[in-house]
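Trainee: I've got a model open on my screen and I'd like to learn how to read it feature by feature. Can you walk me through it?

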Amino acid sequence: MWTSTLQLDLAHVIPTKILGNFWRGAYFSSFAPLQVQNLPRQPLPASNWVRVRNTLAGICGSDLPLIFVDGDFNVAPAALPRHNHTYPGHEVVGEVIQVEEDVQSLHVGDRVVLQYGPNCLTAGIQPLCRSCASGNYGLCESGALPGPRPIGGGWSEEMLLHEDQLFRVPSDISDAQAVLLEPSAVAVHAVLRHLPQAGDRVLIIGAGTIGQLILQVVRALAPDAEISVLARHAFQIERAASMGARIIYRQDSYEGVQEATGGQLYQGRFGNKMLLGGYDVIYDTVGSKRTTHDSLRWARAGSTVVMVGLNLHRMHIDLTPIWYQEVNLIGTLGHGIETWPIGTSEKKSTFEIAAQLIENQQLHPDKLITHSFLLGEYRDALLTAKNKGHHRAIKVVFDFSKQPASVVPNVRAAARRSRRVLTTTSPSQPLTPDDVDAHAPTPDPAVPVTYAAPDTTDAGDDPKTIVVSRPAHTRFNVPSPPETPEDSSPDQRSTGSASQNSGADDQADKTITVSTSKHARFDAATQYGSLPGFHQGLEDLGIMYGDEEDDTHKTPAVPPGYQVQHTEPEPTPPTNTGEDRDNVEAPFIAPDSIDTSNDYAWMQFIESQDTGENMLEGLSTTSTTNTLVNTDETTTPVNTDETTTPVNTDETNTGDQLSAPINTRAGNDESKTITTSSAKRSRSKRKGVNHP
């Protein structure tokens, strides 16, 4: 189960914060707080828990400071114990796919959104704290909670959590509306903290998702209020102006506020400004030092400033307007229990009120969604949300319906990933070409992408998996993960292994593991030998086959730098064992409609192992002796059919030795290997590089 986690401890935050000043990739590295990992699917830990498969999940503005480590360790929330390890993604809608026996309020198939975090009720604490007893579970006064903790968040494939943490979505609300039900509830709660009266002048600082939703809520609950919006970006100004709000521009904000409110502006020394007679209610959705400083000076005497935006930095600001003008500065966090309908004594949850406003077409949160990404494209999604001005982004969401389950690349940007897996299954079930284009994430140079080769096996062939070891990387001296199964012997770890079934009736998978040395040459015949017309093309070029030898004692030709062993198949594929089990890359399924006559179509699945030293070697060497070399620079013969036979070499051969296996039909028990020699050509010419 692909799961996103946030580790907010010193070991993750400090290195990321330092390197992030000059390397953007630090925020998505293996030591960053954000990790996307393929964790084992866990069972439900209690009888009143449910499993939810996520459909849509949003990126909240409060998530970005945690991911990009924009905060201080000495702010009050950082002292609480339950904030060190979290699952990001509290804006999420999904479907219940499993319930335990004691679940009462939910059923399989219900659409739900995440409403509350862990609290006294979900932890089974009795008696409940004062906040939980009143229904304000987001203000739970219990620090360390006993019992199991939720697994997964909105940025994960699934969530495992207590049934009381969820809110069932009404049938009239779409998924696009439901994914923004939580921020809609935040906006409703902020407005109900101090509801404007008819004729009040209202200022909304910030025109992001929460600012735009507060504008809609004020329009719905206080239609006679005069609303102004202080926006930063032009596209935010356009949207706010389309809803009838007056725009305050940042470059002359004090003058704009004076004009909008009719107050009197006074200016002292060193740029000190003060306004008498400003706004009646101000909702600060930014919460920065600058906006807090200004909002207190733009509020009229006896007015209210509601601090909605979250800021994880300590601030040094002037608070004198609070006592000098008796300004009420109040805070708001999330949502809870409200008095609703207004003017009554009835109580309702903020989620119920927000859902009712959406059903009545008074709120339109789905109109704020501007960008949608696959979960595998989380880097692009987070950077889009962070650089909203450049991308004109308001709300960025992850859409799980766009991709199959478990195809999210793991975040291993600073650690060496030494394997590329090419998987062919028979019969294959490829995606359509349109689906392939839609589902394929952009390959990251630091994160290898796994591909699946097109189905080239005959009807009787068994599925095969080829695991190719890549050259070592030396970024930041990060130790490499093991490249072989845990149960392999030391010799097998150093030379690589190949698992192949014997017997005509054995239908188990065959695995061939090839370890390449640092100076391994590209073996075209091995890669392209199964293509139609390949061997006929060799004959047309005058390249002879090696068929004269006895097939029963023939040793397959192996390119220089390769070592192959045939062993009994392991029950678990090598790529899913050991430390790599949780970090395995999910295969990208290629369509079977690829034109095999086009070499480029196959080239895109193969990565050359050439280095600069290889090119120099090709230019300077006049004769070559091909030998078997393993990854530890040890000469080892190839073992075929349990008979050790050294590979024949030709000291007069001046080209590369190519291995071209021949596809066998279902009734043919033996395979043939053709050893050919190609004319010597400079490696730089084959790569299209011209040397002076």
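Mentor: Sure, let's begin at one bridge pair: I205 has D284 as its bridge partner, and D284 sits in strand 14. Keep in mind that this is a predicted model.

Trainee: Which strands pair with strand 14, and in what sense?

Mentor: Strand 9 (residues 201-205) pairs with strand 14 in the parallel sense, over four bridges. Strand 15 (residues 299-307) also pairs with strand 14 in the parallel sense, this time over five bridges. Residue D284 shows up here again: it stands opposite M307 in strand 15.

Trainee: Is strand 14 buried or exposed?

Mentor: For burial, you look at relative accessible area, and under 20% is called buried. Strand 14 covers residues 279-284, and six of the six are buried, so the rest of the structure largely encloses it.

Trainee: Now the start of the chain. What is the strand order in the open sheet there, and how do the strands pair?

Mentor: Three strands make up that open sheet, in the order 2-1-4, with antiparallel pairing. Strand 2 (34-38) and strand 4 are the edges, since each pairs on one side only. Strand 1 (residues 2-7) runs antiparallel to strand 2, and five bridges connect the two. For a single pair to click on, take S4, whose bridge partner in strand 2 is V36.

Trainee: How do I read a single residue, say N54? Where does it lie, and is it buried or exposed?

Mentor: Place the residue first, then check its cover, then its contacts. N54 belongs to strand 3 (residues 49-58). Its relative accessibility is 5%, so N54 counts as buried.

Trainee: And which residues does N54 touch?

Mentor: Setting aside residues up to four places away in sequence, the contacts of N54 include V92, V93, G94, G153, G154 and F400. S156 is on that list too, and its backbone oxygen lies 2.5 Å from a polar atom of the N54 side chain.

Trainee: Let me try the same recipe on Q177. Where is it, and what does it contact?

Mentor: Q177 is in helix 5 (residues 175-178). With 11% relative accessibility, Q177 also counts as buried. Leaving aside neighbours within four places in sequence, Q177 is in contact with D172, I358, P365 and D366.

Trainee: What about backbone oddities? Which peptide bonds are cis?

Mentor: Omega is the angle to check. One cis bond joins Q126 and P127, with omega about -5 degrees. P127 is placed in the loop between helix 3 (120-123) and helix 4 (130-133). Another cis bond joins W340 and P341, again with omega about -5 degrees. P341 lies in the loop between strand 17 (337-339) and strand 18 (347-349).

Trainee: And phi? Which residues other than glycine have a positive value?

Mentor: V69 is one of them, with phi near 40 degrees. Q361 is another, with phi near 65 degrees.

Trainee: Where do these two lie, and is each buried or exposed?

Mentor: V69 is in the loop between helix 2 and strand 4, and at 7% relative accessibility V69 counts as buried. Q361 is in the loop between helix 12 (350-359) and strand 19 (369-373). Q361 is exposed, having a relative accessible area of 51%.

Trainee: Let's go to the surface. Which residues make the nonpolar patch?

Mentor: L10, I14, I18 and F73 make a nonpolar surface patch of about 380 Å². F73 is found in the loop between helix 2 (64-67) and strand 4 (85-86). At 43% relative accessibility, F73 counts as partly exposed.

Trainee: Last one: how do I sum up the whole chain?

Mentor: Go from elements to burial to contacts. The chain has 21 helices and 29 strands. Of its 692 residues, 48% are buried. The exposed area is about 33,600 Å², and carbon and sulfur atoms supply 50% of it. As for contacts between residues at least 6 apart in sequence, 74% of them join residues at least 24 apart.

How values were computed:
Residues are numbered from 1 along each chain as its sequence is written. This is a predicted model: local features need pLDDT of at least 70, side-chain atom pairs count only at pLDDT 80 or more; totals for chains, interfaces and linings use all residues. Side-chain values use heavy atoms; hydrogens and water are left out. Patches are made of residues with over 30% relative accessible area and no salt bridge: like charges are joined within 9 Å, nonpolar side chains (Val, Leu, Ile, Met, Phe, Trp, Tyr) within 5 Å. Accessible areas come from the Shrake-Rupley method with a 1.4 Å probe; for residues, only the protein chains shown count as cover. A salt bridge is a side-chain nitrogen of Lys or Arg within 4 Å of a carboxyl oxygen of Asp or Glu. Buried means under 20% relative accessible area, exposed over 50%, partly exposed in between (1.4 Å probe, protein chains only). A polar contact is a pair of N or O atoms within 3.5 Å; within protein, one must be able to donate a hydrogen and the other to accept it, and residues adjacent in sequence count only if both atoms are side-chain atoms. Contact means heavy atoms within 4.5 Å. Two strands pair if DSSP finds at least two bridges between them.
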